[in-house]
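Got the viewer open? Let's take a quick walk through this one, one selection at a time.

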Amino acid sequence: MPYKIVTKKVLNPQIFLMEVEAPLIAAKAEPGQFIILRIDEYGERVPFTIADFDREKGTVTIIVQIVGKTTRDLAEVPEGAELLDFVGPLGMPTPLEGIKKAAVIGGGLGTAIAYPQAKKLHSMGADVTVITGFRDKDLIILEDELNAVSDRLIITTDDGSNGLKGFVTDRLKELLESGEKFDEVIAIGPLVMMRAVCALTKEYGIKTTVSMNPIMIDGTGMCGGCRVTVGGETKFACVDGPDFDGHLIDWDSAMKRSRMFKEYEQRSCDEGHCRIGIQHK
Amino acid sequence: MPNMRLDKNPMPEQPADVRNKNFLEVTTGYTEEMAIDEAQRCLHCKNKPCMQGCPVAVKIPEFIALVADGDFEGAYQKIKETNALPAVCGRVCPQEKQCESKCVRGIKGESVGIGRLERFVADYHMKNVKEKTEKPVLNGKKVAVVGSGPSGLTAAGDLAKKGYSVTVYEAFHTPGGVLMYGIPEFRLPKDIVQKEIDNLREMGVDIETNVVVGKTITVDELLEDMGYDAVYIGTGAGLPSFMGIEGENLNGVYSANEFLTRINLMKGYKFPEYDTPVYVGKNVAVFGGGNVAMDAARSAKRLGAENVYIVYRRGKAELPARAEEVEHAEAEGIIFKLLQNPTRLIGDENGWVKGAEVIHMELGEPDESGRRRPVPVAGSEEMLDIDTVVVAIGQSPNPLIRKTTKGLETNRRGCIVADPETGKTSKEHVYAGGDTVTGAATVILAMGAGKAAAEAIDKELS
């Protein structure tokens, strides 16, 4: 089965979007689920959240940030080319039923991952506040898309270059302090950001769902590489999650596990199989 | 006159201190002369006890007679009548518990090397005979096979031969199941598995990879929307068990499935030529005593670990692994810590495992399985200095299929309930076999189940 890249778009210098032909996955995908892809025979399997899907066109969209060898290689694969393997939809959909008023928080690339949740909540008639954070204004992505699916969009930048300075947690804190009530907070982004959001919402007793992003290999529950400690129990993020109750996560363990292959990741970037010049179909 | 020498022809192999640094196959196989000589040791017993020990009833004395005559291709065809994957079975079956355990020559001396002969014959065929696979005439009926391990491949092959249009759905990017991701190259070269799979494709079997049944599509959809007349579930037992001890989520702690998948399927042993990394420290502890534990330990040694320990709670006689693999592991320098059981793992400040506390055990009364139950010796705890752990204490079936298939009965261990003779499940037109029914067992038993189910499906549909 070919997995053709039908659209490729650069969103900012580090982040790009790929719309991939995968009708079986598009037919079933729900917000919160992910795919695993492999570029070619030498490739590793890497998980990416389904950022959008089009059931009629039979396509699945992923949004990728360049952070290491595979994402760097993926950035080189042109529109019209095919990926060797693309499998999903994996994981459990985010439970969104019954939420009337939600704050959806995305940090950096997490913004793209939080988009389908915001979109679905909005289509269900919920009141959706989106708070999203970037380092500076040149890195802002999906502003129009998020505007279209939220009742209120707050975009902050670490350096204030878009006029609103600070972290997503600063903005969330302001809202909560001003007496704003949410049924649920959905936080997606780097581990430190999700942990900070959870620390804040815990004080207010607001249910908070986070999307964990541990190392994965198969993504179907057969290896446990993605295990996460939740409420003292071991869970496999690929089948039990990736969404969990953020107030139950062992963040310290999650952060340490995310660094397990750090040295290898650097080596792969430096010495890995070079794909430059490979003719993509 | 049969050759009455008491011991079997030894298997040529790479020297232990050479092979424990590479992933090439350990044993190099019989020569034609060795095979003929070994075949002449068979007494051709009238009641053929060896065949009763073979789960797919290979016509053992008949194929051995052909080997003795030098008709190796004839012998291959004889085996193929009942066994779809002889090159695999000759290598990975625990013959000492199956065919060879019943061999009359084993009463006084060593049994005939049935597995080695089967392997020789299959390798001879692959090397020398260019097979032209005939596509069977289709009968217009469709069967879906879920999972492309030994059980699914056998069912698919048998059904295709009978004229069914067969589609195999595989979750991974490569078919073969445990033959590809679990058993390492040094025990089962992947090009051999690939050839068996290519044969099936030539016969017309369609293999769709990257389809997770239970997620991408469901069993109910296969039957209701996609027009399959029957479904065979051969999804194995791929859910790893952890021990539930303190420290199991530290860095450097793998399930055997993760460790072996990184190495075998993703070719992590060729990192950074291949992109998937696999970390192995200096001192590796593998918990468990089965084939999976041996494979993990021997792989760790090959990846450069200095000390590799097998930590097993029973004694040597109770090791569930194949005798040959235990011997190979010992020769390669794997250190056996028998009658010991890990109680907790200790980590450093960065979250990496740095030690395992183990407690010594003694064997008590037999349990319900008939094996003597290991009992901890109070106060016998000691610390093992290690930086990598592989947990190889067993697997159970993945819950994905049972959670997403209406009316499919499973037992309390999560195994699909199926008739042992036919593979028929509680759900109409759905059959199952192999590890997903029995729990983790052997390649040949999975193949036997696939074969029986193909027969039963054919009966139901014709």
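Start by selecting B:Ile64 and showing what is around it: leaving aside residues up to four places away in sequence, B:Ile64 touches B:Ala39, B:Cys42, B:Val112, B:Ile114 and B:Leu117. Keep in mind that you are looking at a predicted model. B:Ile64 is also among the best-connected members of the largest nonpolar core, which has 71 residues; B:Ile60, B:Phe63, B:Val67, B:Leu117 and B:Val166 are the others with the most contacts inside it. Now colour helix H17 (residues 443-461) of chain B, which gives this core its largest share, 8 residues. Apart from that core there is another, of 38 residues; to find it, pick A:Ile105, A:Met212, A:Ala237 and B:Leu400, which are among its members.

Next stop, a sheet. In chain B, 5 strands form an open sheet in the order E6-E14-E7-E8-E9, paired in parallel. Go to the edges, E6 (253-255) and E9 (335-338) of chain B: each has a single partner strand, so one side of each has no neighbour in the sheet. From one strand to the next, the twist averages 20°.

Zoom in on E7 (residues 283-287) and E8 (residues 307-312) of chain B, which run parallel and are joined by 5 bridges. Click B:Ala285 and you can find its bridge partner in E8(B), B:Tyr309. Then show helix H13 (residues 291-302) of chain B, which lies across E7, E8, E9 and E14 (388-391) of chain B and runs at about 165° to E8(B).

Last, select B:Thr218, in the loop between strand E3 (206-208) and helix H11 (219-224) of chain B. Is B:Thr218 buried or exposed? Its relative accessible area is 15%, so B:Thr218 counts as buried. Not counting residues up to four places away in sequence, B:Thr218 touches A:Lys28, B:Val213 and B:Thr404.

Methods:
Residues numbered from 1 in each chain as written. Chains lettered and ligands numbered in written order. Predicted model: local features only at pLDDT ≥ 70, side-chain atom pairs only at ≥ 80, totals over all residues. Heavy atoms only, no water. Pairing = 2+ DSSP bridges. Helix = DSSP H or I, 4+ residues; strand = E, 2+ residues; numbered from the N terminus. Axes fitted to C-alpha atoms, helices over the stretch in contact; angles between N-to-C directions. Contact = heavy atoms within 4.5 Å. Buried < 20%, exposed > 50% of the residue type's maximum accessible area, 1.4 Å probe, protein only. Core = buried A, V, L, I, M, F, W, Y, C linked by side-chain atoms within 4.5 Å.
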